[in-house]
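Visitor: I'm new to this structure and would like a close look at a single part of it. Could you pick a spot, walk me through it slowly, and then show me what lies around it?

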Amino acid sequence: ACTVKITTWNVNGYRAAHKKGFMEWLQTESPDILCLQEIKVKTEQLKDDQLNIPGYKTFWNSAIRPGYSGVATFVREELVGSETVLENGLPDERFDDEGRVIRFIHSNTVLFNIYFPNGQRGSDRLGYKLDFYASLLEKCDELHAQGKKVIITGDFNTCHQPIDLKNPKANENNSGFLLEEREWVSKYLKQGFVDAYRQIYPEKVEYTWWSVVTRAREKNIGWRLDYFLVSSGMMNKVRDVVIHTDVMGSDHCPVSMIMDEL
């Protein structure tokens with residue numbers, strides 16, 4: 001059977017990534033679907049070779065605020081059919097002006113590319129982040145009720161378990177590892193989702209983000225913030241999840257999920 005590779009990457013600036021070998025990486029990695037977060041750019045600011053990627057259809061959801069947030073999904077042309085639907089945002093428009101969500105709907109599968117809010121800038125942002133998790137789960141419950149299969153990928157901005165970050169004890173009071181954030185991830189797992197990487201590798205310690213401030217990457221003091229949550233009924237199609245810790249160019253590294261067809 002033909003396998004499909006979906007890769008997610010928070011590039012921390014799409015134009016910056018282009019200067020750091022993004023196109024060469026894309027040719028080598030050659031995913032069928034690429035989900036980018038934190039593109040920090042509007043399409044009108046892009047050059048033609050950044051906007052039009054050979055072999056892919058590109059879809060963009062930029063934040064209204066310049067140089068902030070934003071997601072893009074690149075889909076191999078042969079996967080984009082007449083029945084393909086792309087939708088931006090969530091049902092609650094509070095979350096729509098920050099360019100955080102693209103939904104790619106392919107037959108019975110809905111792929112969410114998401115840049116979850118960061119809860120760090122004051123308590124209002126933590127509330128916003130938790131509300132975002134709630135709004136998305138409501139939408140997913142609805143899709144599951146309709147018999148759809150769902151994949152959520154992107155930068156979750158939350159570590160789920162102590163195994164997912166280098167210093168869990170020291171970060172208990174920091175956003176990204178607060179109990180109320182982690183409980184939301186648990187809720188997804190109780191409501192029909194599986195953390196594909198952790199299901200396949202229950203004991204493996206790998207990270208996807210390292211602070212640039214402390215040269216944490218050299219010492220591998222990291223966090224696993226980038227996930228694939230898949231409907232539990234799809235898990236039998238998932239062959240592997242690979243964390244590409246050797247790929248530079250951002251404070252996050254890419255993560256790929258390989259599965260039997262979408």
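Guide: Let's start with Tyr14 and Phe74, which are both buried. Keep in mind that this is a predicted model, and that the structure holds 18 aromatic pairs. Tyr14 and Phe74 make one of them: their ring centres are 6.1 Å apart and their planes meet at 85°, so the pair is edge-to-face. What parts of the chain does the pair link? Distant ones: Tyr14 belongs to helix 1 (residues 14-19) and Phe74 to strand 4 (residues 71-76), with the two residues 60 apart.

Just ahead of strand 4, have a look at Ser69, in the loop between strand 3 (56-61) and strand 4. Ser69 isn't a glycine, yet its phi is positive, at about 50°. That's worth a pause, because most residues other than glycine have a negative phi. Is Ser69 buried or exposed? Its relative accessibility is 2%, so Ser69 counts as buried. Ser30 makes a handy companion: this serine also has a positive phi of about 50°, and its place is in the loop between helix 2 (22-29) and strand 2 (33-37). With a relative accessible area of 32%, though, Ser30 is partly exposed.

Back to the rings. Ring pairs also join Phe95, Phe116, Tyr128, Phe132, Tyr133, Phe156, Tyr188, Phe193 and Tyr227 into a cluster. Some rings have a charged neighbour instead: Arg65 lies over the face of Tyr68, 3.9 Å from the ring centre. Likewise, Lys187 places its charged end over the ring of Trp184, at 3.9 Å from the centre.

Now for strand 7 (residues 109-115), where 7 of the 7 residues are buried. In a regular strand, side chains alternate between the two faces of the sheet. Here Thr109, Leu111, Asn113 and Tyr115 point one way, while Val110, Phe112 and Ile114 point the other, and all of them are buried.

Which strands pair with strand 7? One is strand 6 (residues 101-106), which runs antiparallel to strand 7 over 6 bridges. In that pairing, His106 has Thr109 of strand 7 as its bridge partner. Strands 6 and 7 form a hairpin with 2 residues between them, and Ser107 in the turn has a positive phi of about 45°. Strand 8 (residues 149-155) pairs with strand 7 too, in the parallel sense over 7 bridges. There, Phe112 stands opposite Ile152 of strand 8.

For a sense of distance, take Val110 and Asp251: they are 141 residues apart along the chain, and their C-alpha atoms are separated by 28 Å. You'll find Asp251 in the loop between strand 13 (238-243) and strand 14 (255-260). Even in that loop, Asp251 counts as buried, at 14% relative accessibility.

Last stop, the empty space. Rolling a probe the size of a water molecule over the atoms shows where such space is left. The largest pocket has a volume of about 620 Å³. It is lined by 33 residues, and the closest to its centre are Asn118, Gln120, Asn157, Trp209 and Leu225. The lining of this largest pocket is made up of 9 nonpolar, 16 polar and 8 charged residues.

Key
Residues are numbered from 1 along each chain as its sequence is written. This is a predicted model: local features need pLDDT of at least 70, side-chain atom pairs count only at pLDDT 80 or more; totals for chains, interfaces and linings use all residues. Side-chain values use heavy atoms; hydrogens and water are left out. On a 1 Å grid over the protein atoms alone, a cavity is a set of points where a 1.4 Å probe fits but cannot get out, and a pocket is an open set with protein on both sides within 12 Å along at least five of seven lines; lining residues have an atom within 4 Å of a point. Grid points are joined across faces, edges and corners, and a volume is the space filled by probe spheres set on the points. Ala, Val, Leu, Ile, Met, Phe, Trp, Tyr, Cys and Pro count as nonpolar, Asp, Glu, Lys and Arg as charged, and the others, Gly among them, as polar. Rings of Phe, Tyr and Trp (its six-membered ring) pair if their centres lie within 6.5 Å; planes under 30 degrees apart count as stacked, over 60 as edge-to-face and the rest as tilted. Helices (H or I, at least four residues) and strands (E, at least two) are DSSP runs, numbered from the N terminus. Buried means under 20% relative accessible area, exposed over 50%, partly exposed in between (1.4 Å probe, protein chains only). A charge sits over a ring if NZ of Lys or CZ of Arg is within 6 Å of the ring centre and within 35 degrees of the ring normal. Two strands pair if DSSP finds at least two bridges between them.
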